[in-house]
Structure formats: structure tokens, C-alpha cells
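Visitor: I have a protein chain to look at today. Could you walk me through it with short questions and answers?

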Amino acid sequence: MPTLPSRPALASPARPLAFVALLLLATAPAARAQSPAEEPAQMLDAAFGEAAETRLFAPIPRREATTPAPAPEVPGYLAPGAPRRGAGTNPLARPEIAAAPIRRGLAPAAGPLPAATERAVGMKLGADQLSLSTEIVTGQGGWQRNDTRLGWTVTRGADADGEIVWSAAAGGSLPAAGAAEQTGEAVLGYRLRPHDIVTLTTEIALAGRYTFATQNGLAGSLTPRVKVVADLTQPLATPWRTTLDVSLGRQVPMVGRDIQTSGTALLKLELPTP
């Protein structure tokens, strides 16, 4: 009986090996295609880890002291608790105008000295530096029509400080019977202090008066004056302020020779006010 030829012994394992080789060749491109996508993810993970480590072990920042910005300025008239209009230094507020009544010769004088024959009532507006006053005056003690006049005066007082002092005044009167009158006066002087408690002022005053509806109605005079004011509070050690005011002047008219010399001396005691 004829025998069939037998298969080689290595023929059976050759197929499995070829199958495995084909499988490896088929899966290799897929692995190579996935590797570039995985590399960025790994790089991102490494960068995130380094950043987290840096933040974790970084030194704690110090907060530097900063100067606060200044608050915006609030105008005085809008600030809380600001004084009312006219009571403070608000430039928009209406300035206060001091008013003082004028009363002369209304109360009879009880004493040996003669009573004043002139009576006047009126109002003075403004401070001593610049003031306006109006008044109704009578010179015979009674309010008679033929002796009553309306007067007005604008005065610019002398400076309290400074070596050169000056003042000016203008006024007028309108009598019920007679011609109206206009007056004016200008004073220029120089002040110096020869001693700590003594003030010496030399000045010259030019005054004029013009009466309407009369012949030669213009009259003027020139008056040089010397004033000495001494503060005797410290030398006398008095609890109140003591001031001695001495003035000497000589009035020379522009027309005529009617020269008049005048002098005054005033001792003033001022009690301190709380």
C-alpha cells in the first residue's frame, strides 16, 4: 500500500509567525500616529506642574505702605458745620455791614457843664475804615423848620498800620432854609515810633467848603497837626489799658488872617472785656 509523503515539521508554525508579523506591521503606523498627539499633553502637564510648584514655594510678597491720596477740597460754604451766610470768610457770601445809630443832644445833661445845643439823629453804615452817615441836625435845640438840615458824609479812615497814613472825607448839607453846602477834607501824614510805647504822627490837613448861591462861597484852610499817643499801661502797671492822646494844630485859612490854634489832651482808660 503506497504511503503519502509526510509534511515537513516546520510548516505548521510558519503561519502563526507570519500572522503575528503582519499584525505588528499593521499596528505600528497607528502607534506612530498617536505618539505626536500624546507629546503636547505631556508637555502641558509638565509646565503646569512647574508653575504650581513655583507658586507654592514662591516668597510671600510684602505690602508696601502707600500714602493715601488727599481728599478733594470742599469749599468752606459747602463743608459740614460751615457758618451761615455773612458769618465767615465765604467769598460768595454777602459781607456784613455794621450799622450804628447817631444820637446827639437828645438826653439833657445833668451836671454843671452846659448842655449841647445841637441835636442830631441819623444812621452810620460801615466800619471806621469806610463809612457813610446821614443825619438830620438842628442847631437851636428844637426841631424848627428854619434851622433843620439834612447832612451826609463819606469817610475813609486812616490806616491802623504803616508809616504813611491818609484819610479823606466828603460831605454836604441841605438846610430847610438857606443854601446847600458841600464840604471836603483830605489828610496826609507820617507816623513813626521814637519809643516802644510812644507813637508820633505829623500830618497836614486840607479842608474846603463851598456854599451854593452865595458870593465868594468857596472857603478853605490848611492845618498842620502833631499827634502823640502814649500807651501807659505797662509803665503804670494798671489792670486796664491807659492811653494818653495829645494833639496840637494850627489852622491857617486860604483867604484872610483868621489863624486858629487848637490843642487837645485825652487820658483814656479802657477796661478789659472778657
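The talk below goes from the whole chain to its salt bridges, pockets and surface.

Guide: This is a predicted model, where local features need pLDDT of at least 70, side-chain atom pairs count only at pLDDT 80 or more, and totals for chains, interfaces and linings use all residues. Residues are numbered from 1 along each chain as its sequence is written, and side-chain values use heavy atoms, with hydrogens and water left out.

Visitor: How many helices and strands does the chain have?
Guide: Helices (H or I, at least four residues) and strands (E, at least two) are DSSP runs, numbered from the N terminus. Along the sequence the pattern reads α-β-β-β-β-β-β-β-β-α-β-β. The chain therefore has two helices and ten strands.

Visitor: What percentage of the residues is buried?
Guide: Buried means under 20% relative accessible area, exposed over 50%, and partly exposed in between (1.4 Å probe, protein chains only). The chain has 274 residues. Of these, the buried share is 14%.

Visitor: Is Thr 199 buried or exposed?
Guide: Thr 199 sits in strand S7. Its relative accessibility is 19%. The cut-off for buried is under 20%, so Thr 199 counts as buried.

Visitor: What distance separates the C-alpha atoms of Thr 199 and Asp 245?
Guide: Along the chain, Thr 199 and Asp 245 are 46 residues apart. In space, their C-alpha atoms are separated by 9.7 Å.

Visitor: How many salt bridges are there?
Guide: A salt bridge is a side-chain nitrogen of Lys or Arg within 4 Å of a carboxyl oxygen of Asp or Glu. By this rule the count is eight.

Visitor: Which strands hold Glu 135 and Arg 104?
Guide: The side chains of Glu 135 and Arg 104 form a salt bridge, 3.0 Å from N to O. The pair ties together parts 31 residues apart in sequence, because Glu 135 lies in strand S3 (residues 130-138) and Arg 104 in strand S1 (residues 99-104). The strands asked for are S3 and S1.

Visitor: Is Glu 135 buried or exposed?
Guide: Its partner Arg 104 has a relative accessible area of 32% and is partly exposed. Glu 135 is at 19%. That value makes Glu 135 buried.

Visitor: Which residue forms a salt bridge with Arg 149?
Guide: The closest N and O atoms of this pair are 3.4 Å apart. Arg 149 is in strand S4, and its partner is in the loop between S1 and strand S2 (119-126), 31 residues apart. Arg 149 is partly exposed at 30%, and the partner is partly exposed at 28%. The partner is Glu 118.

Visitor: Which residues are linked in a network of salt bridges?
Guide: One salt bridge joins Glu 135 to Arg 104. Another joins Arg 149 to Glu 118. The network links Arg 104, Glu 118, Glu 135 and Arg 149.

Visitor: How far apart are the closest N and O atoms of Glu 203 and Arg 225?
Guide: Glu 203 is buried, and so is Arg 225. They form a salt bridge, with the closest N and O atoms at 3.1 Å.

Visitor: Which strand gives the largest share of the lining of the largest pocket?
Guide: On a 1 Å grid over the protein atoms alone, a pocket is an open set of points where a 1.4 Å probe fits, with protein on both sides within 12 Å along at least five of seven lines; lining residues have an atom within 4 Å of a point. The largest pocket is lined by 24 residues, and Arg 191 and Lys 227 are among those nearest its centre. Five lining residues come from one strand, S5.

Visitor: What is the volume of the second largest pocket?
Guide: A volume is the space filled by probe spheres set on the grid points, joined across faces, edges and corners. This pocket is lined by 15 residues. S8 gives the most, with four. The volume is about 270 Å³.

Visitor: Is Ile 164 buried or exposed?
Guide: Ile 164 is in strand S5. It is one of the residues of a nonpolar patch on the surface. Its relative accessible area is 55%, so Ile 164 is exposed.

Key. Patches are made of residues with over 30% relative accessible area and no salt bridge: like charges are joined within 9 Å, nonpolar side chains (Val, Leu, Ile, Met, Phe, Trp, Tyr) within 5 Å. Accessible areas come from the Shrake-Rupley method with a 1.4 Å probe; for residues, only the protein chains shown count as cover.
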